[in-house]
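Here are my notes on this model, written as numbered points. Keep the structure open while you read and look up each place as we get to it.

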Amino acid sequence: MTGLADIAGVGADPRRGGYSRHGFDRVELELRSWFTEEATRRGLDVECDRNGNLWAWWGPPGDGAVVTGSHLDSVPGGGAFDGPLGVVSALEAVDVLRAKGFVPAKPLAVVVFAEEEGGRFGVACLGSRLLTGAIAPEAALRLSDSDGVTVAEAMTSAGLDPARVGPDPAALRRIGVFVELHVEQGRGLIDLGAAVGVASSILAHGRWRFSVRGEGNHAGATLMVDRRDPMIAAARVVLAARQAATAGARATVGKLVPNPGGTNVIPSSVDLWLDARAEDDARTRAVVEEISAAASAAAAEEGCSVTVTEESYGDTVVFDSALRDSVSGVLGGVPALPTGAGHDAGILAGHVPTAMLFVRNPTGVSHAPEEHAEPDDCAAGVVALAAVLEELAR
């Protein structure tokens with residue numbers, strides 16, 4: 001795809017591999033400029049809403065619009081397709097429709113949501129959460145990255161006004177229906193022999209911060225029996241997460257930060273972040289409670305303390321069945337699949353009819369440099385998205 005090739009060098013991470021593109025950083029702002037130029041070149045009118053989400057309109061903006069798009073940010077060291085595939089496919093779907101002479105009878109827009117991955121500020125789907133009121137603006141603006149830069153400061157540097165951040169009913173009314181195309185995050189379609197599928201649901205999921213406090217000390221001068229080492233307790237939390245994730249649940253510790261972080265220093269504190277997911281709210285909460293109990297016991301045994309803070313959460317999402325069936329029908333009855341990954345479409349699903357298209361991922365790997373989709377499958381995704389938009393906007 002030409003669009004993916006155009007941005008292939010933007011945000012490449014030489015240390016991790018893959019890409020590191022985070023909300024309102026230099027790299028993501030470059031991608032936002034690229035999107036604005038591409039949309040403008042197509043005659044689309046681009047605007048930025050109060051929460052930093054970009055909208056490119058085909059025709060006059062209005063309520064009840066057909067909206068598609070995704071995001072341009074990534075996890076640290078993420079793949080080339082997660083997010084950008086949906087944005088590029090949306091622009092190319094507009095090209096397909098225009099080439100056949102289609103003119104939408106309804107307003108149509110391509111959207112780029114801000115900070116979907118939460119890779120910089122820790123809360124996923126920040127742009128869509130702010131838009132819908134799923135997170136309080138004052139809480140969002142206080143979030144900070146690893147360098148201590150807050151969302152408010154990052155937005156100000158990007159030319160946005162933090163005083164305007166928050167629920168945007170007018171923007172939400174404009175969305176009559178939302179369709180997000182995304183690379184599949186799993187192996188469902190390859191096993192089914194299908195290039196494109198639709199989403200049926202999203203697992204309940206959230207992020208929790210475990211802060212373990214102990215006593216910093218010298219690695220050589222402190223006897224093992226005299227230690228209050230928070231790293232030992234943190235390590236047991238990681239193991240507890242593995243043990244709690246049964247019967248289809250998922251529990252992952254992908255980030256752990258010791259303070260001060262010296263090789264020959266017993267840390268005084270360790271922060272680690274748990275990502276937990278399961279088929280429903282009750283099971284997800286039960287997994288977190290089990291891990292939290294294990295964390296408390298481990299901390300007490302090591303003479304440490306632990307606090308657990310929920311940083312974000314989303315209940316199970318079941319996509320609009322009528323829209324899902326309509327989309328599948330337009331595409332000739334493609335398969336419907338559940339997903340364990342969160343998306344802006346999941347945030348919007350509680351407010352507007354929402355659907356998702358998946359493009360086959362032959363390896364099933366996502367959130368990693370090995371993430372992949374074949375060119376022919378990407379092209380099939382564009383054709384599928386164009387067909388869906390044509391049906392919805394006629």
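1. Start with Val198, which sits opposite Ala336 of strand E14. The strands here are E6 (residues 196-202) and E14, paired in the parallel sense over four bridges. Strands (E, at least two residues) and helices (H or I, at least four residues) are DSSP runs numbered from the N terminus, and two strands pair if DSSP finds at least two bridges between them. Strand E14 (residues 336-339) also has two unlike faces: Leu337 and Thr339 are on the covered one, while Ala336 and Pro338 are on the uncovered one.

2. A quick word on what you're looking at. This is a predicted model, in which local features need pLDDT of at least 70 and side-chain atom pairs count only at pLDDT 80 or more, while totals for chains, interfaces and linings use all residues. Residues are numbered from 1 along each chain as its sequence is written, and side-chain values use heavy atoms, with hydrogens and water left out.

3. Next, find strand E5 (residues 175-183). Eight of its nine residues are buried, so E5 is largely enclosed by the rest of the structure. (Buried means under 20% relative accessible area, exposed means over 50%, and partly exposed is in between, using a 1.4 Å probe and protein chains only.) Strand E3 (residues 65-71) runs parallel to E5 and is joined to it by four bridges, with Val66 opposite Val177. E5 also pairs with E15 in the parallel sense, over six bridges; there, Leu181 has Leu357 as its bridge partner.

4. Now for an antiparallel sheet. Strands of a sheet pair through backbone hydrogen bonds, either parallel or antiparallel. This open sheet has four strands in the order E9-E11-E7-E12, with antiparallel pairing. Strands E9 (250-259) and E12 (305-314) stand at the edges with a single partner strand each, so one side of each has no neighbour in the sheet. From one strand to the next, the twist averages 15°.

5. Look inside that sheet. Strand E7 (residues 204-213) and strand E11 (residues 269-278) run antiparallel and are joined by ten bridges. Phe210 has Leu272 in E11 as its bridge partner. Helix H9 (residues 230-244) packs on the sheet and touches E7, E9 and E11, and its direction makes about 10° with that of E11. Helix H10 (residues 281-301) packs on the sheet too, touching E7, E9, E11 and E12, with its direction at about 165° to that of E12. (Axes are lines fitted to C-alpha atoms, for helices over the stretch in contact, and angles run from 0 to 180 degrees between N-to-C directions.)

6. How do helices H2 and H3 pack against each other? Their axes are 11 Å apart and make an angle of about 10°. That makes H2 roughly parallel to H3, a label for angles under 35 degrees (over 145 is roughly antiparallel, 65 to 115 roughly perpendicular and the rest oblique). Trp34, Phe35, Glu38 and Ala39 in H2 meet Val87, Val88 and Leu91 in H3.

7. Stay in that area for Arg42, in the loop between helix H2 (26-41) and strand E1 (45-48). Is Arg42 buried or exposed? Arg42 is buried, because its relative accessible area is 13%. Its side chain makes a polar contact of 3.0 Å with that of Glu38. (A polar contact is a pair of N or O atoms within 3.5 Å; within protein, one must be able to donate a hydrogen and the other to accept it, and residues adjacent in sequence count only if both atoms are side-chain atoms.) Leaving aside neighbours within four places in sequence, Arg42 is in contact (heavy atoms within 4.5 Å) with Leu91, Asp95 and Arg98.

8. Last, some backbone oddities to check. Most residues other than glycine have a negative phi, and most peptide bonds are trans. Ala247 isn't a glycine, yet has a positive phi of about 55°; this residue lies in the loop between H9 and E9 and counts as exposed, at 69% relative accessibility. His367 also has a positive phi, near 60°, and is partly exposed at 37%. As for peptide bonds, the one joining Asn259 and Pro260 is cis, with omega about 10°. Pro260 lies in the loop between E9 and E10.
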